[in-house]
Amino acid sequence: MMPLTGAVRACVACALLSATSAAGYFNIEEEKGPAQLKASVGDSIVFNCKLDFPNDVPIPYIMHWNKGGSTVFSWADGQLTAEDPYKGRVSPAHESAPSPTAEFTGAVNLTSIRESDKGWYECRVHFPNRTPSTRLNGTWFYLDVDGGTLLATPPINKTTLEGETAHFSCITKNRAHRVTWYKDGVPIPDIVELRQRSFVSPDGSLTIAPTAMGDPGEYMCEVTDGTTRQQASAHLDVQYKAKVMYSPREVQLPFGRSATLDCHFRANPPLTSLRWEKDGFLFDPYNVQGVFYRRNGSLFFSKVDEIHRGRYTCTPFNDLGTEGPSPIIDVRVQRPPVFTITPHNMYLRRSGDSVAMPCDAVNGGDVERPLIVWFKKDGTPLPRSRITMEGGNLTLVDIVDEDRGMYQCVASNGAATISVETELVLENTAPRPPYNLRAVSSTTSVTLTWLPGVERPQTQHSVWFRISDSPQWHVLPDATDLDPSAPYRQADTPEWRTLRVGDAESTEALVSGLKAAREYEFMVLSQDEHGDGMFSKAIRVKTAGTSTVEEVQHEIREAIGSFQQIGPPRNVTVRVTGDGFLVAWDPPAFGVEDLKHYMVRWARGAPDSGYLPSGTDVTNDLSYVIRYLEEDRLYTIFVLSVNSNDMEVTSHPVSLYVPPYRSQRALSVGMAVGLALVAVAVAAAWYLREKQIKRMQQQQDDEASNLPSSNGKDSGKG
């Protein structure tokens, strides 16, 4: 036998290695078990195909999912394609990006499962730039479909253009089965927008013709035979050219301040670009200092100037094109208003008198007047039958006690809103109630402080107080002491006691001789030579210490359920600001440590005549801005304290009247035009009169110069 050379030995080794690798390959393939998947008709399922990159380095690949020896869908170059009947039902289950790990998962989602989808699926991976093009890649799946007894072909997702027809299959196994279609959970016959444009065929399929911009959503068919029910859903996407939905005729931009000019559009597919024009020419913000594009295509002016006024249009575009430009938007630059006449700080009157409070303003840099309105600061409406408005001047006649208080003159235009305040004080009337009542307690005493309603000479204060443990409980005579199961009855409410404050100007009082560990209720009453005023809001204060009574009450409260009390918000006020109607308040007098949040509610109408709820919002601040209220309406505003046990306590209501701004603006403009015409007429009359006087004077001078002189003759005779 001839000895083997090195080359021959190398060839033999290669052959043996190849045979061993092939055997290993087939053994691994045989060891791989199929993935068992199960779904019902109308459901979706994920095929998760494992990847094994050569040397653990991701390289370009192609995936094929085969069924019955044919490729049903494929993944290549980041694109997923499918054959009938899988078109429209296959999508990537997650982002398929290369990974540095040894294994990579490529997964697809098959939706709207049909009974015909049942069977064996094989996932194969190919590397087109490598020899060999295949490795130990591939996964077998067996999909078992529970067809039920009703539905044969469920609907699949659809994408269509606006105005075209959308068709959803919902084929039943028996024509006698009843089919009902829903859009986003609502029966289609109940949707007015779809009722006239949709119909259901005898086999249960739904057709929408033509489709509209508002049709996208989830469409579900429900099949029932009276006892069994089966459902399947699909989504509709309606695409259309970018279109302008709304365009205001006129926009006022505030001079010297920042502002935004919006283009109200809709686009599906999403917006790709937006073109602005000004005065018929392309407006490029990149070439205009201080003007920028927002992400949504709006124009942002960092500081509005006169150069920004003009006639603007916007045209949105997406991948399908555009429906055209918006109507012309007339952009004007408005300067903030400036007061030219303001009322005095205070007006002192008697009941039955009248008062005239002047107020006037002009738009900055302009002779035109802004809209001027008057409010009562506490929100109560002005008495229409007893007021007159001339320009910005307010006249109030037959003054009554309810008219006293703070008044606001508000001037507003498209740029800003400014206001000035004045107070109407009435003589010979009872003082207003004290407010902002606070207390500091010890074991047997409480120190009270407050703010006077109106600072007047010779105003006295008295403190009213009583025990107010809530509830107070007494053990019945036949009950044993401190027995939690003993019967109890609620005690009668104790009577008020009073303490007069000696110093007339003092706003502090010490109430002593109180019981320990008891809750007391306090109020302060103001008095002067005209009589008693109104009580302040009551507060509850608990003295320090412990007692047997407190322990009994604690056991009773534990039996009926623990709770944490909280007081209402105090000193609620409403005033007009540039952003809307600002509601402000003080925190509760007690229970603030357990405060969860505040709730602001506003409703149309007055509390004593019934009202219609309009809005509610929650805040943790001590103020809230109501952005919009209807004009020429009376509103009632409440603020509630809510603690951790969701206990709600409501403040006293505050009334707010919103004047009819538009009608008053029109009246102001009409009056301004009328005054301008009168001024022109007066000026013309004055000019003609002066011209006539000059003509007559000239005639007299001419006549005087033509008369003969007699002075010389008289002198000669003498």
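Which residue forms a salt bridge with Glu115? In this predicted model, the partner is Lys173, and the closest N and O atoms of the two sit 2.7 Å apart. Have a look at where they come from: Glu115 lies in the loop between strand 7 (103–110) and strand 8, while Lys173 lies in the loop between strand 13 (171–172) and strand 14 (178–183), so the pair ties together parts that are 58 residues apart in sequence. Glu115 counts as partly exposed, at 35% relative accessibility. Lys173 is partly exposed too, with a relative accessible area of 40%.

**More salt bridges**

That pair has company, as the count for the model comes to 20 salt bridges. Here are three of them side by side.

| Salt bridge | Closest N and O atoms |
|---|---|
| Glu115 and Lys173 | 2.7 Å |
| Glu250 and Arg332 | 3.8 Å |
| Arg386 and Asp403 | 2.8 Å |

Take Glu250 and Arg332, which form a salt bridge. Glu250 lies in strand 20 (residues 250–254) and Arg332 in strand 28 (residues 329–334), so this pair ties together parts that are 82 residues apart in sequence. Glu250 is partly exposed, with a relative accessible area of 38%, and Arg332 also counts as partly exposed, at 37% relative accessibility. There's a third member here: Glu250, Asp330 and Arg332 are linked in a network of salt bridges.

Now for Arg386 and Asp403, which form a salt bridge as well. Arg386 sits in the loop between strand 33 (371–376) and strand 34 (387–390), and Asp403 in the loop between strand 35 (393–396) and strand 36 (405–412), so to speak two distant parts of the chain, 17 residues apart. Are these two buried or exposed? Arg386 is buried, with a relative accessible area of 17%, and Asp403 is buried at 4%. Both values fall under the 20% cut-off for calling a residue buried.

**Strand 9 and its partners**

Next, find strand 9, which covers residues 139–146. In a regular strand the side chains alternate between the two faces of the sheet. You can follow that pattern here: Thr139, Phe141, Leu143 and Val145 make up the covered face, and Trp140, Tyr142, Asp144 and Asp146 make up the uncovered one.

Which strands pair with strand 9? One is strand 1 (residues 35–40), which pairs with strand 9 in the parallel sense over 6 bridges. Within that pairing, Ala39 stands opposite Val145. Another is strand 8 (residues 119–126), which pairs with strand 9 in the antiparallel sense over 5 bridges. There, Trp120 has Tyr142 as its bridge partner.

**The nonpolar cores**

Leu143, from the covered face of strand 9, turns up again in the largest nonpolar core, which has 46 residues. Leu143 is among those with the most contacts inside that core, along with Phe47, Trp65, Phe73, Trp181 and Tyr219. Apart from this core lies another, of 22 residues, including Val574, Phe581, Val583 and Ile637.

**A closer look at Gln334**

Finally, go back to strand 28, where Gln334 is found. Gln334 is buried, with a relative accessible area of 14%. Which residues does Gln334 contact, leaving aside its neighbours within four places in sequence? They are Gln252, Leu253, Pro254, Phe255, Asn363, Asn413, Gly414 and Ala415. You can also check the spacing to Ala416: Gln334 and Ala416 are 82 residues apart along the chain, and their C-alpha atoms are separated by 8.8 Å.

Notes: Residues are numbered from 1 along each chain as its sequence is written. This is a predicted model: local features need pLDDT of at least 70, side-chain atom pairs count only at pLDDT 80 or more; totals for chains, interfaces and linings use all residues. Side-chain values use heavy atoms; hydrogens and water are left out. Buried means under 20% relative accessible area, exposed over 50%, partly exposed in between (1.4 Å probe, protein chains only). Helices (H or I, at least four residues) and strands (E, at least two) are DSSP runs, numbered from the N terminus. Two strands pair if DSSP finds at least two bridges between them. A nonpolar core is a set of buried Ala, Val, Leu, Ile, Met, Phe, Trp, Tyr and Cys residues joined through side-chain atoms within 4.5 Å. A salt bridge is a side-chain nitrogen of Lys or Arg within 4 Å of a carboxyl oxygen of Asp or Glu. Contact means heavy atoms within 4.5 Å.
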